[in-house]
Amino acid sequence: MRSMEEELFPSTPGKVKIERAHTINRQLHRSFASTSTMFLWALFLIALTASYLSFRSFVDSSSRYLNASWGGMQWEKQIRESAAASRPGGMSVLVTGAAGFVGTHVSLALRRRGDGVVGLDNFNNYYDPSLKKARQAMLQSHGVFVVEGDINDTRLLDRLFALVPVTHVMHLAAQAGVRYAIENPASYVHSNIAGLVTLLEVCKSADPQPAVVWASSSSVYGLNEKVPFSELDRTDRPASLYAATKKAGEEITHTYNHIYGLSTTALRFFTVYGPWGRPDMAYFSFTRNILQGKPITVYRGKDRVDLARDFTYIDDIVKGCVASLDTAEKSTGSGGRKRGPAQYRIYNLGNTSPVTVPALVNILERHLKVKAKKKVVEMPGNGDVPFTHANISFAQAELGYKPTTNLEIGLKKFVKWYLSYYGYKPRSGSLAA
Ligand SMILES: O=C(O)[C@H]1O[C@H](OP(=O)(O)OP(=O)(O)OC[C@H]2O[C@@H](n3ccc(=O)[nH]c3=O)[C@H](O)[C@@H]2O)[C@H](O)[C@@H](O)[C@H]1O
């Protein structure tokens with residue numbers, strides 16, 4: 001059999017050289033012609049693929065734009081107005097989770113004293129979104145615009161930072177609730193881990209970088225038994241996935257502080273309650289059930305020990321948040337690079353006087369003037385801890401934090417709001433069965 005080389009360059013020399021040369025030329029020409037045809041086909045296919053891909057990306061981005069509830073000149077105008085401070089030296093704060101319980105109160109407090117505030121909230125349906133919409137409407141009437149969007153949306157965050165010179169981020173958007181993590185673990189990873197990282201990525205790249213104050217949780221103390229809980233105590237034994245994601249948040253913010261010079265402050269909130277609160281929390285759902293004549297389930301710990309929480313009134317928490325923003329030092333990085341060491345802080349924001357769950361129910365019964373139908377059951381093993389109790393000496397010394405509302409007074413204010421918001425007539429007289 002002849003080799004390929006022999007086919008192209010036959011071994012017989014002499015007269016046949018020219019013929020051979022012609023043959024070779026023809027063969028070369030044929031092969032060149034087929035190569036260039038292939039090349040043209042390849043070019044054509046590449047062009048076709050490129051136009052298909054750019055068409056797809058155009059359709060994707062236009063549909064994303066059309067489906068998104070953000071964008072447009074009017075939207076940008078509202079953001080700029082909302083973010084503009086009305087007092088000299090005022091801050092421009094991006095409040096994530098602004099239509100949430102704590103977010104609404106902090107946004108209002110900032111706006112009232114003349115800071116610029118832009119809210120961000122995804123209005124998810126973890127609990128009744130109509131309550132979030134009502135909070136949004138209330139904020140709007142006070143000049144705070146709440147953007148509808150998710151902290152996982154980098155494009156939206158970039159846009160907000162391009163529109164507003166954000167000096168501070170008050171990051172309160174999160175998947176809350178200790179026991180719900182058993183049902184929907186992915187939502188905690190999505191909001192409390194992925195969302196946090198997305199937000200920090202944008203913050204670290206912003207120029208200037210904002211200072212970040214964000215909501216951690218008393219739940220990070222987990223199985224800690226040393227009371228009261230101090231920021232110096234162990235927090236490496238979380239009892240729920242919720243707690244684990246909040247603890248992870250403290251470590252993730254440390255990384256951004258260390259590498260990029262972001263100024264970060266984590267606030268460990270202790271069971272916050274009050275008007276405009278969260279319907280998934282015990283004080284809120286107990287109130288609803290008591291008024292509707294439905295039973296409430298009261299959990300009890302091992303050996304029939306009552307569970308207790310360091311319930312903290314919303315106005316005290318707001319003071320702690322605002323003081324944290326006021327004392328936050330500037331971030332030190334720029335262009336995504338650290339220029340020097342930056343502030344990294346963690347504070348307990350609690351009330352320092354735990355109250356048992358049955359005592360909470362007694363107070364509600366008195367304020368509602370209705371007797372609760374109690375079902376006492378052993379605490380299910382779904383992430384709860386038996387008690388919480390904050391040591392607030394660091395917050396006191398460094399933020400001037402000093403809670404002033406006890407559970408009796410705080411629940412009275414909550415009940416007043418609840419009855420009015422849900423259209424109940426306040427009852428007079430003694431307890432009804
Ligand atoms: O400090 C926090 O970081 C967390 O506080 C809050 O968690 P918790 O302290 O668990 O509040 P909450 O659910 O009101 O239960 C209060 C008590 O009632 C008991 N409880 C609860 C429900 C019920 O049906 N029966 C009952 O006895 C229950 O066993 C508990 O002893 C926030 O939800 C959470 O998002 C996080 O911010």
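The paragraphs below lead through a predicted model, beginning with the surroundings of its ligand and moving on to some loops and two helix pairs.

Around the ligand there are 22 residues, and those that come nearest include R179, S217, S218, T297 and D384. S217 can be followed down to single atoms, since a polar atom of its side chain lies 2.4 Å from an oxygen atom of the ligand. R309 also reaches the ligand with its side chain, in which an N or O atom is 2.7 Å from a ligand oxygen atom. With F269, by contrast, the polar atom belongs to the backbone, and the distance from there to an oxygen atom of the ligand is 3.1 Å.

Several loops have backbone details that a reader can look up in the model. In the loop that runs between helix 7 (185–205) and strand 5 (211–217) sits P208, and the peptide bond leading from D207 into P208 is cis, with omega near 5°. Beyond strand 5, the loop that leads to helix 8 (241–260) holds P228, where the peptide bond from V227 to P228 is likewise cis, with omega near -15°. A further detail concerns D303, which is found in the loop between strand 8 (295–300) and strand 9 (308–309); although D303 is not a glycine, its phi is positive, at about 55°.

The helix pairs come next. Two packed helices are described by the angle between their axes together with the distance between those axes. For helix 6 (residues 154–163) and helix 7, the axes come within 10 Å and cross at roughly 35°, and helix 6 passes helix 7 in a right-handed crossing. On the side of helix 6 the contact is made by T154, L157, D158 and F161, which meet T198, L199, V202 and C203 of helix 7. Sorted by class, the residues of this contact between helix 6 and helix 7 are five nonpolar, two polar and one charged.

Farther along the chain, helix 11 (residues 357–368) packs with helix 13 (residues 407–421) at an angle of about 50°, their axes lying 10 Å apart. That angle makes helix 11 oblique to helix 13, and the crossing in which helix 11 passes helix 13 is right-handed. Helix 11 contributes L360, I363, L364, R366, H367 and L368, and these meet L407, E408, L411, K412, V415 and L419 in helix 13. The residues of this contact between helix 11 and helix 13 divide into eight nonpolar, one polar and three charged.

Notes:
Residues are numbered from 1 along each chain as its sequence is written. This is a predicted model: local features need pLDDT of at least 70, side-chain atom pairs count only at pLDDT 80 or more; totals for chains, interfaces and linings use all residues. Side-chain values use heavy atoms; hydrogens and water are left out. Axes are lines fitted to C-alpha atoms, for helices over the stretch in contact, and angles run from 0 to 180 degrees between N-to-C directions. Helices (H or I, at least four residues) and strands (E, at least two) are DSSP runs, numbered from the N terminus. Angles under 35 degrees count as roughly parallel, over 145 as roughly antiparallel, 65 to 115 as roughly perpendicular and the rest as oblique. A crossing is left-handed if the near helix is turned anticlockwise from the far one by less than a right angle, and right-handed if clockwise. Contact means heavy atoms within 4.5 Å. Ala, Val, Leu, Ile, Met, Phe, Trp, Tyr, Cys and Pro count as nonpolar, Asp, Glu, Lys and Arg as charged, and the others, Gly among them, as polar. A residue is near a molecule or strand if one of its heavy atoms lies within 4 Å of it. A polar contact is a pair of N or O atoms within 3.5 Å; within protein, one must be able to donate a hydrogen and the other to accept it, and residues adjacent in sequence count only if both atoms are side-chain atoms.
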